[in-house]
Amino acid sequence: MVKEFERAGFPVVLMCNLLPVAQTVGVNRMVPYPLGNPSTSKEEQHLLRRSRVEAALDALATDIKKQTIFKVEI
């Protein structure tokens, strides 16, 4: 489905754990997904999730020419 949106001209970011699978199916923009760790505080989990969402928004705004895995902070 991601490829169809891209083909229609809409940039898409896939947030996922299985990056090799996403690469195999041809996803262009990928952000590592782990959005929580039950052994951390709620504040730390919030910061982790926020960093992933910010990375995804940055990925949407980035012009790319090939498949790209965007790095995240924290």
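Here are short legends for several views of this predicted model.

**View 1. The chain combines three helices and three strands.**
Welcome to the fold: starting at the N terminus, the elements follow the order α-β-α-β-α-β. If you trace the chain from that end, you meet a helix, then a strand, and the pattern carries on until a strand closes the series. Along the principal axes, the C-alpha atoms occupy a box of roughly 40 × 25 × 15 Å.

**View 2. Contacts link parts of the chain that are far apart in sequence.**
Look here at contacts between residues with a separation of 6 or more: 41% of them join residues 24 or more positions apart. Of the 74 residues in the chain, 26% are buried.

**View 3. The surface of the chain comes to about 5400 Å² of accessible area.**
Carbon and sulfur atoms account for 59% of this accessible surface. The chain also carries 10 positive and 8 negative charges. Take the mean position of each group, and the two points are 5 Å apart.

**View 4. A close look at S51 in helix α3.**
Helix α3 spans residues 42–60, and S51 is part of it. Is S51 buried or exposed? S51 counts as buried because its relative accessible area is 9%, which is under the 20% cut-off. The side chain of S51 also meets that of R52, through a polar contact of 3.5 Å.

How values were computed: Residues are numbered from 1 along each chain as its sequence is written. This is a predicted model: local features need pLDDT of at least 70, side-chain atom pairs count only at pLDDT 80 or more; totals for chains, interfaces and linings use all residues. Side-chain values use heavy atoms; hydrogens and water are left out. Helices (H or I, at least four residues) and strands (E, at least two) are DSSP runs, numbered from the N terminus. Buried means under 20% relative accessible area, exposed over 50%, partly exposed in between (1.4 Å probe, protein chains only). Contact means heavy atoms within 4.5 Å. Accessible areas come from the Shrake-Rupley method with a 1.4 Å probe; for residues, only the protein chains shown count as cover. Lys and Arg count as positive and Asp and Glu as negative; His and the chain ends are not counted. The place of a charge is taken as NZ of Lys, CZ of Arg, CG of Asp or CD of Glu. A polar contact is a pair of N or O atoms within 3.5 Å; within protein, one must be able to donate a hydrogen and the other to accept it, and residues adjacent in sequence count only if both atoms are side-chain atoms.
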